[in-house]
Amino acid sequence: MLRFNLGRCLEELGRPREAISAFERYLDTPDSETARARATERIAALEEEQTGLHARLSDPEFYKSAGSEVVVINARLGAIETELEAAYLRWDELESLKSPG
């Protein structure tokens, strides 16, 4: 759990590459069922955040007062893409380890 929390902290600090590394170390733990569940939850959260940010950028009213926030949101969207790519790959790895039946 410590590695997962470290990943969340690094993510909040805007250090996505280090966060991904921490999440990967967490997912390498022996309890792959828990790791799969966490990976699924993380993917869902990232996708939800991504959808929300896209919705904000799609609203013309946003640009009337957004200022530099547009740059911040676009940077976060780029980080989310990187995090999602790594999370999808890890989820696929964990699924391939799943024992049949």
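Trainee: In this predicted model, how many residues of each class, nonpolar, polar and charged, are in the lining of the largest cavity?
Mentor: Phe, Leu and Ala count as nonpolar, while Arg and Glu count as charged. Sorted that way, the lining has no polar residues. The other two counts are nine nonpolar and five charged.

Trainee: Which lining residues are the closest to the centre of the largest cavity?
Mentor: The lining of this cavity has 14 residues. The cavity itself holds about 170 Å³ of space. Closest to its centre are F23, L27, R42, E83 and A87.

Trainee: Which helix gives the most to the lining of the largest cavity?
Mentor: Three helices each supply at least two lining residues: helix 2 (16–27), helix 3 (32–58) and helix 5 (69–97). One of them gives the most, with five residues. That is helix 2.

Trainee: How many cavities of 30 Å³ or more does a search of the whole structure find?
Mentor: A cavity counts where a 1.4 Å probe fits but cannot get out. At 30 Å³ or more, the search of the whole structure finds one.

Trainee: What kind of aromatic pair do F62 and Y63 form?
Mentor: A search of the whole structure finds one aromatic pair. The ring centres of F62 and Y63 are 5.4 Å apart, with 80° between the planes. Planes over 60 degrees apart fall in one class, so this pair is edge-to-face.

Trainee: Is F62 buried or exposed?
Mentor: Its partner Y63 has a relative accessible area of 44%, so Y63 is partly exposed. F62 has 10%. The cut-off for buried is under 20%, so F62 is buried.

How values were computed. Residues are numbered from 1 along each chain as its sequence is written. This is a predicted model: local features need pLDDT of at least 70, side-chain atom pairs count only at pLDDT 80 or more; totals for chains, interfaces and linings use all residues. Side-chain values use heavy atoms; hydrogens and water are left out. On a 1 Å grid over the protein atoms alone, a cavity is a set of points where a 1.4 Å probe fits but cannot get out, and a pocket is an open set with protein on both sides within 12 Å along at least five of seven lines; lining residues have an atom within 4 Å of a point. Grid points are joined across faces, edges and corners, and a volume is the space filled by probe spheres set on the points. Helices (H or I, at least four residues) and strands (E, at least two) are DSSP runs, numbered from the N terminus. Rings of Phe, Tyr and Trp (its six-membered ring) pair if their centres lie within 6.5 Å; planes under 30 degrees apart count as stacked, over 60 as edge-to-face and the rest as tilted. Buried means under 20% relative accessible area, exposed over 50%, partly exposed in between (1.4 Å probe, protein chains only).
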